[in-house]
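Biologist: Got the structure up? I have a few quick questions.
Modeller: Go ahead.

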Amino acid sequence: MADNRRTGGQILVDQLRCHGADLLFGVPGESYLAVLDALHDVPELRFVVCRQEGGAAMMAEAYGKLTGRPGIALVTRGPGATNASSGVHVAQQDSTPLLLFIGQIERAAVGRDAFQEVDYRQMFGGIAKWVTQVEDAARLPEVLHRAFVTAVGGRPGPVVIALPEDMLLDRVAVEDGRRWQRPVAWPDPAAIGRLGELLAGARRPVVILGGGVWSETARQAIERFAATHDVPVAAGFRRQDHIDNLHPCYAGDLGIGADPRLVERVRRADLVIALGTRLSEMTAQGYGLLDIPRPRQRFVHIHPDPAELGRVYQADLPIQADPIATAAALAELPATGAARDEPAAAAHAHYLDYLRPPATPGRLQLGEVMAHLRERLPVDAIVTNGAGNYAVWTTRFTTYRRYRSQLAPTAGSMGYGFPAAVAAALLEPDRTVVAFAGDGCFLMTGQELATAVQYGCRLVVLVVNNGMYGTIRMHQERHYPTRVIGTELRNPDFAALARAYGAFGARVERTSEFAPALEAALAADGPALIELLVDPEALTVRASLSEIRAAALAAAR
């Protein structure tokens with residue numbers, strides 16, 4: 001121990017190494033210089049320098065989604081932490097493991113409203129699983145172990161750790177901590193048996209998948225279960241890669257713009273099995289899909305966190321269990337030969353029918369763009385998006401074949417898709433990465449294009465440019481038709497902007513121009529941007545801007 005004296009910064013970095021960290025995302029700050037200095041001597045911990053803390057936190061969140069391990073972001077105090085809060089909120093809503101380290105003011109200055117002082121327990125208390133400040137460098141191994149386990153345990157989520165600047169300079173002797181393990185709650189065999197009995201007696205069962213705990217083996221297991229028992233499987237909001245979308249039992253996704261036939265199928269079901277999902281507002285169609293607090297359908301709710309069981313819905317059979325372990329157990333349930341009112345294949349046929357895009361106003365048809373991407377992209381491609389009306393196109397018309405291939409915020413955060421793509425390209429350099437962003441969405445985190453260029457990230461970002469904040473404009477036209485304010489955007493030439501950063505840039509105005517632009521972008525030795533010029537009238541998949549306005553005006557008469 002006498003030979004083990006290290007600074008707090010060195011102890012922190014040694015713990016990250018012990019816990020298997022490899023990629024760290026951040027913006028440097030003087031409040032944690034001791035950590036940066038310690039990283040200098042540990043090349044296996046790659047520090048990715050970002051351009052804004054929100055982008056760094058979203059990259060770390062995407063890392064957590066892709067790996068199931070906590071993504072790690074390092075930011076400075078005050079403004080750095082407030083910028084990073086957007087990524088923390090995504091991690092909380094999306095149930096993603098994340099560690100946010102914040103450089104903090106010196107301990108002696110706390111409470112004086114010192115330069116950039118913030119009480120992080122108050123600031124993050126409502127959106128993080130745990131918020132702490134390390135006052136003693138000797139406790140860093142203890143705190144780091146707890147942070148990793150907390151981030152991945154139960155319902156995964158973000159942990160925030162404040163690091164006083166002077167604590168990081170203290171030299172102490174302390175042993176390294178033990179590497180974290182994810183705690184697993186195994187399903188009770190009796191509960192699985194009861195589920196099997198309910199399934200045997202159901203004529204219209206439906207499974208809904210979701211949540212932040214899943215794996216490729218779980219995907220395969222739930223597909224075997226669905227095929228054995230002839231059960232249609234729906235995906236929760238932006239959880240479509242939990243099952244192969246071309247599996248004959250896949251029924252589609254429950255989210256924004258869900259197929260009305262799928263929504264009705266769930267409402268008519270006599271048994272709903274919710275696996276991993278907390279049935280958030282979007283998945284539950286504004287909380288109208290299942291009655292609250294007691295669903296009219298027989299309801300089985302399986303979730304790893306006991307706090308989510310009974311929180312909104314009173315289940316006939318609540319099961320606190322790990323979704324991955326539960327999927328394996330369900331795959332072993334023997335077939336019962338139970339009669340179904342309709343085969344699962346009928347639900348899948350509806351899904352395939354819903355994949356056919358309608359024609360929209362303008363020379364560039366996003367539906368045909370999506371159809372081309374489905375044919376062109378490999379099955380393991382990673383597709384990301386942020387939030388906005390454009391995201392309905394990628395949500396509805398992308399087929400996800402493997403886990404993990406979808407990175408999208410259930411929190412509905414704009415600006416997410418591009419930083420997520422940067423993280424994916426760094427973590428999975430051999431996979432094709434395609435990001436979707438609206439014009440407003442891209443400009444919230446588009447400065448991370450400099451990060452992508454700096455690290456040679458091979459990715460393609462498709463910027464859907466219709467000159468407006470489309471979702472808000474849609475709501476304006478529905479509720480206040482013709483009274484447009486605050487939603488028009490005057491945009492740069494996005495292709496030229498990409499080239500200014502040192503990336504590939506192309507501009508597409510007609511559908512026929514997209515395929516060759518995509519090939520050029522995929523062949524680029526680094527990041528590529530394709531600007532898609534979309535007619536403002538093509539506001540949604542189902543209705544044009546003028547149709548939405550006309551309907552609102554007619555209803556007001």
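Biologist: Which backbone nitrogen does the side chain of Asp94 reach?
Modeller: That of Ala411, at 3.0 Å. Keep in mind that this is a predicted model.

Biologist: Where is Asp94 placed?
Modeller: In helix α4, which covers residues 79-94.

Biologist: Is Asp94 buried or exposed?
Modeller: Buried, because its relative accessibility is 0%. The cut-off for buried is under 20%.

Biologist: What is Asp94 in contact with, leaving aside neighbours within four places in sequence?
Modeller: Glu61, Lys65, Gly212 and Arg239 are among its contacts. So are Ala408, Pro409, Thr410 and Ala411.

Biologist: Switching to the sheet. What is the strand order?
Modeller: The order is β3-β2-β4-β5-β7-β6. These six strands form an open sheet, and the pairing is parallel.

Biologist: Which are the edge strands?
Modeller: β3 (46-49) and β6 (130-133). Each pairs on one side only.

Biologist: By how much are neighbouring strands turned against each other?
Modeller: By 20° on average, with direction ignored.

Biologist: And which helix packs on the sheet?
Modeller: Helix α3, residues 53-67. It touches β2 (23-26), β4 (71-75) and β5 (98-104). The direction of α3 makes about 165° with that of β4.

Biologist: Back to the edges. How many bridges join β6 and β7?
Modeller: Four, in the parallel sense. Strand β7 is residues 158-164. Gln133 stands opposite Ala162 in β7.

Biologist: How many bridges do β2 and β3 have?
Modeller: Also parallel, over four bridges. Phe25 has Val48 in β3 as its bridge partner.

Biologist: Which way do the β2 residues point?
Modeller: Leu23 and Phe25 point one way, Leu24 and Gly26 the other. All of them are buried. In a regular strand, side chains alternate between the two faces of the sheet.

Biologist: New topic: helices α17 and α20. What angle do their axes cross at?
Modeller: Roughly 30°, and the axes come within 7 Å. The helices are α17 (residues 470-479) and α20 (residues 545-556).

Biologist: Why call α17 and α20 roughly parallel?
Modeller: Because the angle of roughly 30° falls in the class of angles under 35 degrees, α17 and α20 count as roughly parallel to each other.

Biologist: Which residues meet there?
Modeller: From α17, Arg473, Met474, Glu477 and Arg478. They meet Leu545, Ile548, Arg549 and Ala552 in α20.

Biologist: And by class, what does the contact of α17 with α20 have?
Modeller: Four nonpolar and four charged residues, and no polar ones.

Note on methods: Residues are numbered from 1 along each chain as its sequence is written. This is a predicted model: local features need pLDDT of at least 70, side-chain atom pairs count only at pLDDT 80 or more; totals for chains, interfaces and linings use all residues. Side-chain values use heavy atoms; hydrogens and water are left out. Helices (H or I, at least four residues) and strands (E, at least two) are DSSP runs, numbered from the N terminus. Buried means under 20% relative accessible area, exposed over 50%, partly exposed in between (1.4 Å probe, protein chains only). A polar contact is a pair of N or O atoms within 3.5 Å; within protein, one must be able to donate a hydrogen and the other to accept it, and residues adjacent in sequence count only if both atoms are side-chain atoms. Contact means heavy atoms within 4.5 Å. Axes are lines fitted to C-alpha atoms, for helices over the stretch in contact, and angles run from 0 to 180 degrees between N-to-C directions. Angles under 35 degrees count as roughly parallel, over 145 as roughly antiparallel, 65 to 115 as roughly perpendicular and the rest as oblique. Ala, Val, Leu, Ile, Met, Phe, Trp, Tyr, Cys and Pro count as nonpolar, Asp, Glu, Lys and Arg as charged, and the others, Gly among them, as polar. Two strands pair if DSSP finds at least two bridges between them.
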